[in-house]
Amino acid sequence: EGAVAEARGRARAEAAWALEQAATDLRGSREGLARAAERFAAIGAMERGESPGAWAESADEVVRGLARRLALGTRGAGDFAPRAMPPPLRLSYTRVSNYLKCPRCFYLRECMGLPEPSTPSLGLGSLAHEVLAKFFDRVRHAEAEGVPPPGAEDLARMGRAAYLASLPEGAPASREDLDVLLAQLRGVLTGLHKPTDHIVEIERAVRVPWVIDGVEHTLEAKIDRLDLLPGGGHRIVDYKTSLRPASKHLKPKADDLQMGVYAIALAHLTGEAPKGVAEYWLLATGQRGTISLEEIDVEGVRAVIDGAARGMLAGRFEREEKCEGPCGLLG
């Protein structure tokens, strides 16, 4: 019921915006109203147990996701027969973490195509990562060319441009969302990044061969930023954009899975045991959570990854008892 209400609410909002648009863009208004009408029709058909039609399946991701969720809701847990995932696996921090949270939700999303929930905060987080990657790339190039690097005004300008470009055609900007994004970007320069930092990599993707029981898989990692420290060694930086930072990010522990994956990726990248620090940069508060790379329990992290991978390969996709995710649709 919540998913249906959400989809219907989005359709109403789209219809309302389309009507507002009629005064200045009649053609765009008609197209928007047509999309909203298709969504209403598909939702009604699915509620009545009818097929929403091929036009809805191809036209609207919200409707497609709703159709999948409603289809799952008509099946009992006894009808759910997941298959083992075939090797080789593409492992990552996100995939392993999602499997550990709830193997069944993981299966619904990874193997059955159920879309991930989308929220405004997730969208702003992605934008912040995108803008910071471009900004610090410009900083690196400026330093290499011996010219003044971009500053806070440039970062704010890039943030505004990226936010406006991300809006769906005709959608109004939210002053509140833009302020949140700009505050997070501003906090990086005022409390986290220093002009003396030596940035060597930005959004570095690393693929590590990962052998389990004689079969080679792949562990993938993307490091937001990698610095070279003055005394030798590296600093791994991961941006966190949540408005309420988690305690595990303020005080990372030796078994921190995400930083463990990054430490493994760095060792593969450099060919030696990693030295230095790993830091979570909490953009909403300007804080950082730091742990020495030497403190990370790499072998323990490897064991966790191997255990999750063996579960995927064996078809173990049990529901986590207290999970409130889409797995509840199966009863």
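**Salt bridges, rings and cores**

In this predicted model, Asp197, Arg225, Asp227, Arg235, Glu279 and Arg288 are linked in a network of salt bridges.

Student: How far apart are the closest N and O atoms in the salt bridge of Arg225 with Asp227?

Tutor: Both residues belong to the salt-bridge network. Arg225 and Asp227 are also both buried. Their closest N and O atoms are apart by 2.8 Å.

Student: Which strands hold Glu279 and Arg235?

Tutor: Glu279 forms a salt bridge with Arg235, with 3.9 Å between the closest N and O atoms. The pair links distant parts of the chain, 44 residues apart. Glu279 is in strand E5 (residues 276–282), and Arg235 is in strand E4 (residues 234–240).

Student: Is Glu279 buried or exposed?

Tutor: Buried means under 20% relative accessible area. Glu279 has 6% relative accessibility, so the residue counts as buried. Its partner Arg235 has a relative accessible area of 10%, and that residue is likewise buried. For Glu279, the answer is buried.

Student: What does Glu201 count as, at 23% relative accessibility?

Tutor: Glu201 forms a salt bridge with Arg204, and the closest N and O atoms are 2.9 Å apart. Arg204, at 29% relative accessibility, counts as partly exposed. Buried needs a value under 20%, and exposed one over 50%. At 23%, Glu201 therefore counts as partly exposed.

Student: How many salt bridges does the count come to?

Tutor: Among them are Arg225 with Asp227 and Arg204 with Glu201. The count comes to 18.

Student: Over which ring does the charged end of Arg225 sit?

Tutor: Arg225 is buried and forms a salt bridge with Asp227. The charged end of Arg225 also lies 4.6 Å from the centre of a ring. That ring belongs to Phe136.

Student: How many aromatic pairs does a search of the whole structure find?

Tutor: The search finds 6 aromatic pairs. One of them is Tyr99 and Phe317, edge-to-face, with 6.0 Å centre to centre and 80° between the planes. Asked for the total, the answer is 6.

Student: Why does the pair of Tyr99 and Phe317 tie together parts far along the sequence, and how many residues apart are they?

Tutor: Tyr99 lies in helix H5 (residues 93–101). Phe317 lies in the segment after helix H12 (298–314), so the pair ties together parts separated in sequence. Tyr99 is buried, as is Phe317. The parts are apart by 218 residues.

Student: What kind of aromatic pair do Phe106 and Phe317 form?

Tutor: Their rings are 6.3 Å apart centre to centre, with 10° between the planes. Planes under 30 degrees apart count as stacked. The pair of Phe106 and Phe317 is therefore stacked.

Student: Where is Phe106 in the chain?

Tutor: Phe106 pairs with Phe317, which is in the segment after H12, 211 residues apart. Both Phe106 and Phe317 are buried, and they form one aromatic cluster with Tyr99 and Tyr107. Phe106 itself is in helix H6 (residues 103–110).

Student: Which residues of the largest nonpolar core touch the most other members?

Tutor: This core has 37 residues. Those touching the most other members are Leu91, Trp210, Leu219, Ile236, Ile305 and Met312.

Student: Which element gives the most to this core?

Tutor: The elements giving two or more residues include H5, H6, helix H11 (257–270), E5 and H12. The top contribution is 8 residues. It comes from H11.

Methods:
Residues numbered from 1 in each chain as written. Predicted model: local features only at pLDDT ≥ 70, side-chain atom pairs only at ≥ 80, totals over all residues. Heavy atoms only, no water. Phe/Tyr/Trp six-rings, centres within 6.5 Å; stacked < 30°, edge-to-face > 60°. Helix = DSSP H or I, 4+ residues; strand = E, 2+ residues; numbered from the N terminus. Buried < 20%, exposed > 50% of the residue type's maximum accessible area, 1.4 Å probe, protein only. Lys NZ or Arg CZ within 6 Å of the ring centre and 35° of its normal. Salt bridge = Lys/Arg side-chain N within 4 Å of Asp/Glu carboxyl O. Core = buried A, V, L, I, M, F, W, Y, C linked by side-chain atoms within 4.5 Å.
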